[in-house]
Amino acid sequence: MTTMNTESLQQFGLHVRALRQSQNLSQEELAEKANMHRTYIGMIERGERNPALLNLIRLAQALDVPLTELVNFSYKENHESH
């Protein structure tokens with residue numbers, strides 16, 4: 001996997017974590033709402049997993065945000081701010 005892909009997954013994971021924490025949800029609570037395993041949520045948040053479209057839809061629904069908001073993060077902007 002290229003560095004850009006790895007960093008994109010890490011940035012997406014941080015975005016998911018921020019959305020989850022803004023709703024005061026634990027990983028366990030989000031996992032239950034999304035019908036996923038808690039460890040899978042943790043792996044997404046750490047940038048270790050690249051979730052498929054149907055899982056992205058389930059996450060967006062569980063977080064009660066539009067899919068566009070879930071995936072609305074910019075690799076370039078986030079990367080340049082570090």
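1. A word on terms before we start: a residue is called buried when its relative accessible area is under 20%, exposed when that area is over 50%, and partly exposed in between. F73 shows the middle class nicely, since at 24% relative accessibility F73 counts as partly exposed. Please keep in mind that you are looking at a predicted model.

2. Now the overall picture. The chain has six helices and zero strands, so its elements, read from the N terminus, run α-α-α-α-α-α. Of its 82 residues, 39% count as buried. The accessible surface comes to about 5,200 Å², and carbon and sulfur atoms own 49% of that surface. If you take the contacts between residues at least 6 apart in sequence, 56% of them join residues at least 24 apart.

3. Helix α1 is a good place to begin. H15 sits in this helix, which covers residues 3-22. Does its length fit its residue count, or not? Here the expected span for the 20 residues of α1, at 1.5 Å a residue, is 28 Å, and the end C-alpha atoms are 28 Å apart, which agrees. At the N-terminal end, T2 caps the helix, with a side-chain oxygen 3.1 Å from the backbone nitrogen of N5. Beyond the other end, α1 is followed by N24, whose phi is positive, near 55°.

4. Many residues of α1 can be looked up by burial. The buried ones are E7, S8, L9, Q11, F12, G13, H15, V16, L19 and R20. As background for reading such a list, an α-helix has 3.6 residues a turn, so residues three or four places apart point the same way.

5. H15 deserves a closer look. With a relative accessible area of 19%, H15 is buried, because the cut-off for that class is under 20%. Its side chain reaches the backbone oxygen of L70 at 3.3 Å. Leaving out residues up to four places away in sequence, H15 touches E69, L70, N72 and F73.

6. Which residues form the aromatic pair? By the rule used here the count comes to one such pair. F12 and F73 make it up, and the pair is tilted, with 5.6 Å centre to centre and 45° between the planes. F12 belongs to helix α1, while F73 is in the loop between α5 (67-70) and α6 (75-80), so the pair ties together parts that are 61 residues apart in sequence. The two partners can be read by burial as well: F12 counts as buried at 5% relative accessibility, and F73 is partly exposed at 24%.

7. Next comes helix α3, where I41 lies. At 1% relative accessibility, I41 counts as buried. Setting aside residues up to four places away in sequence, I41 touches Q27, L30, A31, M36 and L59. From I41 to R17 the distance is 9.0 Å, C-alpha to C-alpha, with their positions 24 residues apart in sequence.

8. What do the buried residues of α3 pack against? Y40, I41, G42, I44 and E45 are the buried residues of this helix, and they pack against α1, α2 and α4. After α3 comes G47, which has a positive phi, near 75°.

9. On to the interior. The largest nonpolar core has 18 residues, and those with the most contacts inside it are L30, L59, L63 and L70. Helices α1, α2, α3 and α4 each supply at least two residues of this core. With five residues, α4 gives the most. In general, nonpolar side chains tend to be buried together in soluble globular proteins.

10. L59 is worth selecting in your viewer. Apart from its neighbours within four places in sequence, L59 is in contact with L30, A34, M36, I41, I44 and L70. L30 and L70 are also listed, with L59 itself, among the core residues that have the most contacts. I41 appears from the other side too, as L59 is among the residues that I41 touches.

11. Finally, two backbone angles to check. N35 has a positive phi of about 55° although it is not a glycine. N35 is found in the loop between α2 (27-34) and α3 (38-45), and it is exposed, with a relative accessible area of 63%. D64 is another residue other than glycine with a positive phi, near 55°. D64 lies in the loop between α4 (53-63) and α5, and it is exposed, with a relative accessible area of 69%.

Terms used
Residues are numbered from 1 along each chain as its sequence is written. This is a predicted model: local features need pLDDT of at least 70, side-chain atom pairs count only at pLDDT 80 or more; totals for chains, interfaces and linings use all residues. Side-chain values use heavy atoms; hydrogens and water are left out. Helices (H or I, at least four residues) and strands (E, at least two) are DSSP runs, numbered from the N terminus. Buried means under 20% relative accessible area, exposed over 50%, partly exposed in between (1.4 Å probe, protein chains only). A polar contact is a pair of N or O atoms within 3.5 Å; within protein, one must be able to donate a hydrogen and the other to accept it, and residues adjacent in sequence count only if both atoms are side-chain atoms. Contact means heavy atoms within 4.5 Å. Rings of Phe, Tyr and Trp (its six-membered ring) pair if their centres lie within 6.5 Å; planes under 30 degrees apart count as stacked, over 60 as edge-to-face and the rest as tilted. The expected span of a helix is 1.5 Å times one less than its number of residues. A nonpolar core is a set of buried Ala, Val, Leu, Ile, Met, Phe, Trp, Tyr and Cys residues joined through side-chain atoms within 4.5 Å. Accessible areas come from the Shrake-Rupley method with a 1.4 Å probe; for residues, only the protein chains shown count as cover.
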